[in-house]
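Student: I'd like to practise reading a protein structure by asking about it bit by bit. Can we go through this one together?

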Amino acid sequence: VTELSAVARRAVEAATGAGAGDAEAYASREGGRQVRVHGGEVESLTAATQSGVGVRAWSGNRVGYAYGTDLSEAGVAANAARAAEAAAVADEDTYAAPPQPAEFEALPGLSDPSIAEWETGRVAELALTVERTALESDPRLVGVEVAVYADSDEQVAIASSTGVAGEYEASSCYAYLQALAEGEGARETGLGFGLARGPRGLDPEAIGAEGAERALSMIGAQKPQSRSCPVVLDETVAASFAGLIGGGLSAKAVQRGRSPFADRLEAEVASDAFVLHDDGRDPQGPASAPFDAEGVPRRRTALIEGGRLGSFLYDTYSANREGRSSTGSAARQGYRSLPSVSASNLMVAPGSLSLEQLLAQAGDGVLVTDVAGLHSGVNPVTGVFSVGASGRIIRDGALAEPVREFTIAGELVAMLSAVSAAGAEARWVPFGGSVCTPPLLVAEMAISGS
Amino acid sequence: VSGLVDPAVAERVLARALANGGRFAEVFAERRRGQSMTIDEQRIESVQSGAEEGAGVRVVEGGTTYFAHVDGLEPADLERAADEAAAALRSERREPRPLQARETTPLPIERRPEDVPAERKAELLRELDERARGKGREIAQFTGSYAEARREVTVANSDGLFTGDDRTRTRIGAQAVARREGTVETGAETLGAHRGFELLEDDPGGIAAQAAGKALTLLDAVPAPSGSMPVVVGGGFGGVLFHEMTGHGLEADHIQKGASVYTGKLGEPVAEPLLNAFDDGRLPGEWGSDAIDDEGQPTQKTQVIEDGRLTSYLYDHLTAERDDVASTGNGRRESFRHLPIPRMTNTYIAPGEATPEEMIAEVERGFYAVSFGGGQVDPATGDFVFGVSEGYLIEGGKVTRPCRGATLIGNCLEALAAIDAVGDDFFMKTGICGKGGQKVPVGTGQGHVRVRAMTVGGTER
């Protein structure tokens, strides 16, 4: 038993000792660092350690939660007592019950030793290489707003009065830059990024080149004419939409009538070209773990296949409401948050077309490479959206001039039904949660420009 | 108010932070306490409380900031943070100046939320639920939230500053879903302040009724139009337009990296002479107010636009040092786990002379954006986008039908210069602003404002 598991067990005992009928504790300890570079110099270097415990206490069918950073005996006890007190304030809820223990299979390889092996100077050099690659790519590439490398290694332990017990360690790292290009009297920005479990999995030159290429390709961008036309969503944009869809497939949203997918289980919600899974055990997936945020084994769930809505995502509570079992879809933002239903790694299945073939199939349309305003431009209850976008015109099946300052609008389910092809190459993208997706061709979308 | 760390300990920690050199070192210690709960499906749930404490230590040498943060406020915790921050430096030891305590007066809190029984807060959420459902049978869902947070902070730095603050914020939110046959619409409203439970003593249920009213109104909505047209923006949270369009571009870090469309525009006209705008971290009780910023600098009122001319950027300690000016008290951080960066506090367009009725009457065909769900800007290009949460068509000088699914999109410089009327009906609203992965509470405000032409992106075919 590690020290962290011991903390979790102690917290469970303290909560039941303070009057809770059942209790669960989630403890985590994380070490991380971040390097930000600008103008060939390290702008900031951060070394971070943090640890804490969150306790869920059940008093009959009432639930309360408390979290804290104090892992001393007294600190853990005080925290557990606050969780038990909080439960007394909540209303009775028939379906609120602690998860039962289940066997889970270990998932090796989640923690990459290169994080510990690479000293700070070496990861700083990685970030500097990202910036330098962009700056040296083209004279019109006038600057890099920021280039960042960050990593973290986290240990998680969970324990409960019903016998749930488990722990794992996982690492992750990323690097990105925001490149600035100038031309035709305007500035353009371009994002380049990479994700991996450790720094050896990142390609700094490719990241720098991507940011530069994205910024340079936007020089001279104009507002497009309003129209309805075929649209290709690149991986970053497709991922943002996949994230919205994943949110709508949460059983919590569905049960509470706050999802465009409510009442649509087993119904036709997409074209055959759009296939979506949630996979909490994918070896590459940033959100992969042997068990979810309440100790239920992670697994793979078919969400949309053959055009039909196959399943929603469940945690223990939402599963209890339907008398079924959890899909291992409880998630939290660390020990500070109560578990709630959320996708783990969303995987959009690749198709067979290269990007060139997708563009050729689009014929005349728009390639969208960036969207903005997703948190305010999408109604998660109805699925109606209108978001800011930028990208490239597609003319005669090939990329033409850049366009900006327009919106794409529609409705999520209608958009899925209009997906006519998926690209062959999928990529992990940190937008919309943790998503692996190829570019997608949507047969028709409304574009509002001039 | 500087009770989190003993001055003698702070001095020792600063000396350790400068053990390998550095021209500036700082300790930021913080204790956070909070409670929150929600009502959903008419049940009180997600009752939770948090208790965190820790410190961040930074050392600045040349153009580099070395930062480390730890949990815990014991001397050993602080020393560990100082050692980690100093670990990568390779210069000569420096000595910090002796600390001089500077008193600050935190914003007054009349009724400490932590002294109010949790049952009273639950009761308040039940009141919100009743008020919303009382608006009509078409209200199908209601979610209400309550949150209180107290942050005690102590700041000590190698220039000899030793000060602190004690901040309590309280906020409630209401979200209603209205349903009529196949049509579903939502409405949301919030009330928040840098105040205690006294904020909620005067008709807190009003926001629930407003949220429900918005959702019900939208049941009759038509798809939003598309195209360029005059736009009248509502007061209060309408100020998020200025916050995104201009405020972010005035934060000195963007300016100094050439990543703002306002770089090099100080003293130049950027708007019609009728426009005056401020960032003011001292507004009594406001959501974005604090006695000091997160570097210990007293907050202040900064005029950023005077009669249409750009008059000031917003600075933290390091960006001010670089421009050889004084900090404007805008160095803010989400918590001890983050580095301070230039951030807005309460940002607003000062009241003008027009009335909302006049502004609308002069528009033949246009759009009336009463409130936004939020917005986003790329300060480097100036491109912005806003999601409209409540909007109407203006036809023949009159507000006519409600619209759903509207987005406003444009470029900062053009849109700011196109503001041709500012209303006299000023008020402030609360927001949560994200930048560089850090969220901080901000106030936004204005009276009604009219933009001559803006692109509305709707779903109308």
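Student: In which strand of chain B is B:Thr163 found?
Tutor: Keep in mind that this is a predicted model. If you follow chain B to residues 161-180, you are on a strand, and B:Thr163 is part of that strand. Its name is β6.

Student: Is B:Thr163 buried or exposed?
Tutor: Look at the relative accessibility, which is 0% for B:Thr163. The cut-off for buried is under 20%, so B:Thr163 counts as buried.

Student: Which residue's backbone oxygen does the side chain of B:Thr163 reach?
Tutor: Start from the side chain of B:Thr163 and look for a backbone oxygen at 2.9 Å. A polar contact needs N or O atoms within 3.5 Å. The backbone oxygen belongs to B:Arg102.

Student: Now another threonine, B:Thr302. With which side chain does the side chain of B:Thr302 make a polar contact?
Tutor: First, place B:Thr302: it sits in strand β11 of chain B, residues 301-306. It is buried too, as its relative accessible area is 5%. At 3.0 Å from its side chain comes the polar partner, the side chain of B:Gln300.

Student: Leaving aside neighbours within four places in sequence, which residues is B:Thr302 in contact with?
Tutor: Skip the sequence neighbours within four places and see what is left around B:Thr302. You get B:Ala277, B:Phe278, B:Asp279, B:Ser312, B:Tyr313, B:Leu314 and B:Thr328.

Student: Let's do rings. Are B:Phe384 and B:Phe386 stacked, edge-to-face or tilted?
Tutor: A pair of aromatic rings is described by the distance of the centres and the angle of the planes. Counting over all chains gives 12 aromatic pairs. For B:Phe384 and B:Phe386, the centres are 5.2 Å apart and the planes are at 55°, so this pair is tilted.

Student: What is the relative accessible area of B:Phe386?
Tutor: Both partners in that pair can be checked in turn. B:Phe384 counts as buried at 2% relative accessibility. B:Phe386 is buried as well, and its value is 0%.

Student: Which residues do ring pairs link into a cluster in chain A?
Tutor: Here you follow the ring pairs from one residue to the next. The cluster they make consists of A:Phe104, A:Tyr168 and A:Phe291.

Student: Where is A:Glu405, and is it buried or exposed?
Tutor: A:Glu405 isn't a glycine, yet its phi is positive, about 55°. It lies in strand β16 of chain A, residues 398-411. With a relative accessible area of 11%, A:Glu405 is buried.

Student: And A:Glu184, is that buried or exposed?
Tutor: A:Glu184 also has a positive phi, about 50°, although it is not a glycine. Its place is the loop between β5 (165-183) and β6 (186-196) of chain A. Its relative accessible area is 68% and the cut-off is over 50%, so A:Glu184 is exposed.

Student: Which element gives the largest share of the lining of the largest cavity?
Tutor: Searching the whole structure turns up one cavity of 30 Å³ or more, and the volume is about 40 Å³. Two elements of chain A give two or more residues to its lining, α6 (235-248) and α11 (412-417). The largest share is four residues, and it comes from α6(A).

Student: How many nonpolar residues are in that lining?
Tutor: Among the lining residues are A:Leu233, A:Phe274, A:Val348 and A:Met415. By class, there are no polar and no charged residues, and the nonpolar count is 11.

Definitions and conventions:
Residues numbered from 1 in each chain as written. Chains lettered and ligands numbered in written order. Predicted model: local features only at pLDDT ≥ 70, side-chain atom pairs only at ≥ 80, totals over all residues. Heavy atoms only, no water. 1 Å grid on protein atoms, 1.4 Å probe; cavity = no way out; pocket = protein on both sides within 12 Å on 5 of 7 lines; lining within 4 Å. Points joined across faces, edges and corners; volume = space filled by probe spheres on them. Nonpolar A, V, L, I, M, F, W, Y, C, P; charged D, E, K, R; others polar. Buried < 20%, exposed > 50% of the residue type's maximum accessible area, 1.4 Å probe, protein only. Polar contact = N/O pair within 3.5 Å; in protein donor to acceptor, adjacent residues only side chain to side chain. Contact = heavy atoms within 4.5 Å. Phe/Tyr/Trp six-rings, centres within 6.5 Å; stacked < 30°, edge-to-face > 60°.
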